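Dear colleague,

Please find the structure below, handed over for your use. A summary of what was found in it follows.

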Amino acid sequence: MNVMNDLSADALRMRITQHLTYTLGKDKTHASLYDWRMAVS
Amino acid sequence: MRDFIIEPWFRATRKTYEAQGKRVYYLSLEFLIGRILGDAMMNLGLFETVKDVLEQEGVSLSDVMENEPDAALGNGGLGRLATCFLESMSTLVCPAYGYGICYEHGLFRQKFESGRQVEHPEDWLNQPHPWEFERPEARYTIPFKGHVDAGFNWHPSETVYARAYDMPVVGWQGKWANTCYAYGAHIRPSCLIWSVSIQAITPLPPHPKR
């Protein structure tokens with residue numbers, strides 16, 4: 001299945017968390033508003 | 001969100017070129033795109049889902065959206081209208097391209113100190129802009145200044161590079177995304193060094209009053 005078609009809350013949570021971790025190098029505990037914004041964007 | 005825009009963006013570009021139909025080219029000195037995150041979530045129908053996901057993480061979506069700097073690419077009506085046209089054309093599946101300028105310090109922050117206006121530099125590009133794709137291969141030399149000789153030929157004395165930044169503009173329900181090409185100005189390093197060298201070796205002209 002194309003992951004881009006999965007718009008469920010669980011899939012979005014996973015993608016946001018992955019961006020936060022692997023793109024921005026932050027974990028949830030230390031993420032700033034900027035980090036969350038970039039992860040969601 | 002950007003990942004979800006890429007697919008309709010690519011699809012729209014492919015369809016446009018395959019159809020070889022007419023396209024709209026919208027040239028404007030301003031594209032007041034504003035804050036994109038909220039707009040993208042609404043158009044993709046993901047606003048409530050993202051809000052719920054972030055709430056479960058203890059993060060407020062409104063705070064996250066407030067954190068996004070307003071892209072200082074326009075002042076008001078003209079730029080806002082241009083962006084609205086692009087977005088509307090995306091919603092209507094009308095192939096369109098916006099061409100504008102990626103201002104780095106196009107605006108200033110207005111403050112009042114002791115009753116007087118004080119201008120502070122606009123620094124929205126001090127942090128990465130996640131909605132743009134830099135295209136270093138799309139670079140054009142822009143000449144300016146210089147003089148015009150007796151044969152009306154222009155001899156520019158300076159040049160800058162114009163480099164393209166692509167921004168997808170997604171329409172309602174994310175079916176189609178048009179492109180806004182914003183060109184940023186970059187100085188040529190050799191031009192800067194040459195300018196410094198010339199100033200270093202050229203004696204100052206005599207003062208006109210002496």
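**Strands and aromatic rings in chain B**

In chain B, strand β1 (residues 24–27) and strand β2 (residues 96–101) pair in the parallel sense, over four bridges. Please note that the model is a predicted one. The bridge partner of B:Leu27 in β2(B) is B:Tyr99. β2(B) also runs parallel to strand β9 (residues 177–187) of chain B, to which five bridges join it. Here B:Tyr99 stands opposite B:Tyr181 of β9(B).

These two tyrosines, B:Tyr99 and B:Tyr181, also belong to a cluster linked by ring pairs, together with B:Tyr25 and B:Tyr97. Over all chains, the structure holds nine aromatic pairs.

Two arginines are placed over aromatic rings. The charged end of B:Arg23 sits over the ring of B:Tyr17, at 4.6 Å from its centre. Across the two chains, A:Arg15 lies over the face of B:Phe4, 5.3 Å from the ring centre.

**The contact between chains A and B**

The size of an interface is often given as the accessible area lost when the parts come together. For chain A and chain B, the area buried between them is about 2,100 Å², with 66% of it on carbon and sulfur atoms. A:Arg37, A:Val40 and A:Ser41 supply 32% of the area that chain A buries against chain B, more than any other three residues. In terms of contacts, 19 residues of chain A meet 24 residues of chain B.

**The nonpolar core and helix α2 of chain B**

The largest nonpolar core has 44 residues, and those that touch the most other members are A:Trp36, B:Met1, B:Val50 and B:Leu54. Leaving aside residues up to four places away in sequence, B:Met1 touches residues of both chains, including A:Leu12, A:Val40 and A:Ser41 as well as B:Val50 and B:Trp131. B:Met1 also touches B:Leu37, B:Ala40, B:Met41 and B:Leu44, which are among the buried residues of α2(B).

Helix α2 (residues 37–44) of chain B is mostly covered, with six of its eight residues buried. B:Gly38 and B:Asn43 complete the list of buried residues in α2(B). The cover over these buried residues includes α2 (33–40) of chain A. From chain B, the cover includes α1 (2–19), α3 (47–56), α4 (61–66), α5 (77–91) and β8 (158–170). After α2(B) comes B:Gly45, which has a positive phi near 70°.

Yours sincerely

Terms used:
Residues are numbered from 1 along each chain as its sequence is written. Chains are lettered from A and ligands numbered from 1 in the order in which they are written. This is a predicted model: local features need pLDDT of at least 70, side-chain atom pairs count only at pLDDT 80 or more; totals for chains, interfaces and linings use all residues. Side-chain values use heavy atoms; hydrogens and water are left out. Two strands pair if DSSP finds at least two bridges between them. Helices (H or I, at least four residues) and strands (E, at least two) are DSSP runs, numbered from the N terminus. Rings of Phe, Tyr and Trp (its six-membered ring) pair if their centres lie within 6.5 Å; planes under 30 degrees apart count as stacked, over 60 as edge-to-face and the rest as tilted. A charge sits over a ring if NZ of Lys or CZ of Arg is within 6 Å of the ring centre and within 35 degrees of the ring normal. A nonpolar core is a set of buried Ala, Val, Leu, Ile, Met, Phe, Trp, Tyr and Cys residues joined through side-chain atoms within 4.5 Å. Buried means under 20% relative accessible area, exposed over 50%, partly exposed in between (1.4 Å probe, protein chains only). Contact means heavy atoms within 4.5 Å. Buried area is the accessible area (1.4 Å probe) that two parts lose on being put together, summed over both.
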